[in-house]
Amino acid sequence: MNRGAALIGLLAIAAAYFVIRPAAYAAVVSSAGVLLFLSCLKAEYRRDMEGRALFAVVAMPLIAWSLPNIWLLYIVMGFWVPLLAGRRERLVGVYLFTLLLLPPLDIAVTIGSLRLFELGVLKALGLGAAFAIWRSSGRRSVPLACDGWVAAMLMVFCFAWSRDTAVTNYFRNGINIALSLGLPYYILSRGVRSMDELRTAMRWFACGGMALSTELIFETVRVWPIYNQLYDLYGVPINLLIHTRGGLLRPGGPFLEATSVAMVLAMCLTAMLLLRRDFRSNLHHMALLVVNFIGLSVPQSRGAWIGFFLSLAATELFRKRYRALLTKVVMIGCSVALVFAVAHSSVTLQDSLGLSGGSKETSDYRRRLFTRGQEEFWHSPIIGFSTPELEWRLADMRQGEGIIDLVNTYLWIALVSGATGLSVFFCLFGNTMRRLWRMRRRLTDPSALDSAAFAFGCLVMQAEMLFFTSFGDRPAILLFGVFGFAAALFTAARVPAVAPAMPSLPSLPSAPPLATLPQAPKLAWAAGE
């Protein structure tokens, strides 16, 4: 990396320390994770990433804490991904990387008293990336079934959030859903053109996971949710809550919520696990996995732990590594047994595992919610209820925070759209996973097989974790991103490889020119003599 650029970055962080201290801390801590990741990469991959990755983790928090107006921040983020990527091949990877670095900071766009839609940092990043992909050449079409099921699911969400309301609300929710969920699918399905670009995107995503892990570890140690201050800085209305468990802060980083960030870190850890050949040695790879797993653990999300282990098993099964699968199952089983044995003498560990304290209350609430949800579902099993009616029916489930926390995505979809919407959701998952499973036999390149295993493992993980969390924020964004990643994989796999050139055949001897042929004798009758 250019030493001059590194010096300028250090000076900027030093200046920020005295002016906007939270930005300096965020830049330093996330840079530590990125530097660790880059130092473990092979040189050819490190050269392509180092300058841009380090510039992003330093500049983005400094910019976010420095601008006087949130609209200026949206404009900068709109140009950020194309300018930082530099080349078409990096667009998707840089988009996934930057998607993890700042909070959404959503506000309503209005004309007079008419509220149009929500705009925020994540949507601005997506708009810039999508526009760059749309303007670029080389976009390929994806299988129609992939687009069809995604479009059907987006329409189900629009119907569920808008029914029994004004017509303008359909318009508003349609735009919000397209920006939040449609854009990530478009960017990943149209922005990746080859197997190499899929692996590049996984590297950037894993690098973002390392930046996120070091931030969460820092927040837990210092008991300081850094990014909450940005909402006060820009006056964005939000109900910020700080959660603890077992006497420890449950950090959210730029996600602001522990369960969501743990779900995304589990996906990042899956990507890093499958990138073994891109690192310098097994030791370097293992060191990164340990740091990332610590980052995954500090939010204390049991669903994320279970989801990662399921993803680990699914990727080994997908790649037909049955011996490795058996070994890991035995190791994980022994580790879990040891943890539960130690938990009997540790109150903090008991709370983290849901055996006592507030986490046990959370588990009890989930069971009661599932029971009540089932009761209400059978009153309208086909199309469910509108959101206002559902809140009235489940008023007895309202918590001390004043909300009904629908921490089961499948139950929520069943209640707001009935069996109809739930069937579409299952078909979206089933179509994508079935196609991935069938195509694994055709993938002979190990890197391509790893990319397909990543998509399959993430879908298995999300299918489990959605039982324990509500639908929204970056897990929902990245879920539709994974659907787009799989669609791009199907397209890249069916593009025929360039056939090797045929060996040239030996040339036949050429005939002598006419001028060198012997002249025939002139006949007297032919000459008229």
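**Figure 1. Surroundings of R52 in helix α3.** R52 lies in helix α3 (residues 43-66), where helices (H or I, at least four residues) and strands (E, at least two) are DSSP runs numbered from the N terminus. This is a predicted model, in which local features need pLDDT of at least 70 and side-chain atom pairs count only at pLDDT 80 or more, while totals for chains, interfaces and linings use all residues. Residues are numbered from 1 along each chain as its sequence is written, and side-chain values use heavy atoms, with hydrogens and water left out. R52 counts as partly exposed because its relative accessibility is 29%, given that buried means under 20% relative accessible area, exposed over 50% and partly exposed in between (1.4 Å probe, protein chains only). Leaving aside neighbours within four places in sequence, R52 is in contact with L84, A85, G86, R90 and W204, contact meaning heavy atoms within 4.5 Å. For one of these partners, A85, the C-alpha atom is separated from that of R52 by 7.6 Å, although the two residues are 33 apart along the chain.

**Figure 2. The largest nonpolar core and the contacts of Y95.** The protein chain contains 21 helices and four strands, and buried residues make up 53% of its 529 residues. Among contacts between residues at least 6 apart in sequence, 76% join residues at least 24 apart. The largest nonpolar core has 170 residues, and those with the most contacts inside it are F37, Y95, F205, L436 and F480; such a core is a set of buried Ala, Val, Leu, Ile, Met, Phe, Trp, Tyr and Cys residues joined through side-chain atoms within 4.5 Å. Helix α18 (residues 409-439) gives the most to this core, with 15 residues. For Y95, the contacts outside its neighbours within four places in sequence are V81, L125, G126, A129, P184, I187, L188 and I477.

**Figure 3. The second largest cavity.** A search of the whole structure finds three cavities of 30 Å³ or more, a cavity being a set of points, on a 1 Å grid over the protein atoms alone, where a 1.4 Å probe fits but cannot get out, and lining residues being those with an atom within 4 Å of a point. The second largest holds about 90 Å³ of space, where a volume is the space filled by probe spheres set on grid points that are joined across faces, edges and corners. Its lining consists of L96, L188, A201, M202, F205, M267, F454, L478, G481, V482 and F485. Helices α9 (195-222) and α20 (473-494) each supply at least two of the lining residues, and α20 gives the most, with four. By class the lining divides into 10 nonpolar, one polar and no charged residues; here Ala, Val, Leu, Ile, Met, Phe, Trp, Tyr, Cys and Pro count as nonpolar, Asp, Glu, Lys and Arg as charged, and the others, Gly among them, as polar.

**Figure 4. The second largest pocket.** A pocket is an open set of grid points with protein on both sides within 12 Å along at least five of seven lines, and the second largest one has a volume of about 880 Å³. Of the 22 residues that line this pocket, F293, F308, F309, I332 and S335 are the closest to its centre. Helices α11 (258-273), α12 (282-297), α13 (302-318) and α14 (322-343) each supply at least two lining residues, with α14 giving the most, namely seven. The lining is made up of 18 nonpolar, two polar and two charged residues.

**Figure 5. The β1-β2 hairpin and two residues with positive phi.** Strands β1 (residues 107-111) and β2 (residues 114-119) pair in the antiparallel sense over five bridges, pairing requiring that DSSP find at least two bridges between two strands. I107 of this pair stands opposite L119 in β2, and in the hairpin, which has two residues between the strands, G112 takes a positive phi near 65°. Most residues other than glycine have a negative phi. L105, in the loop between α5 (91-98) and β1, nevertheless has a positive phi near 55°, and this residue counts as buried because its relative accessibility is 1%. D164 also has a positive phi, near 60°, and is located in the loop between α7 (144-162) and α8 (167-191). D164 is exposed, with a relative accessible area of 62%.
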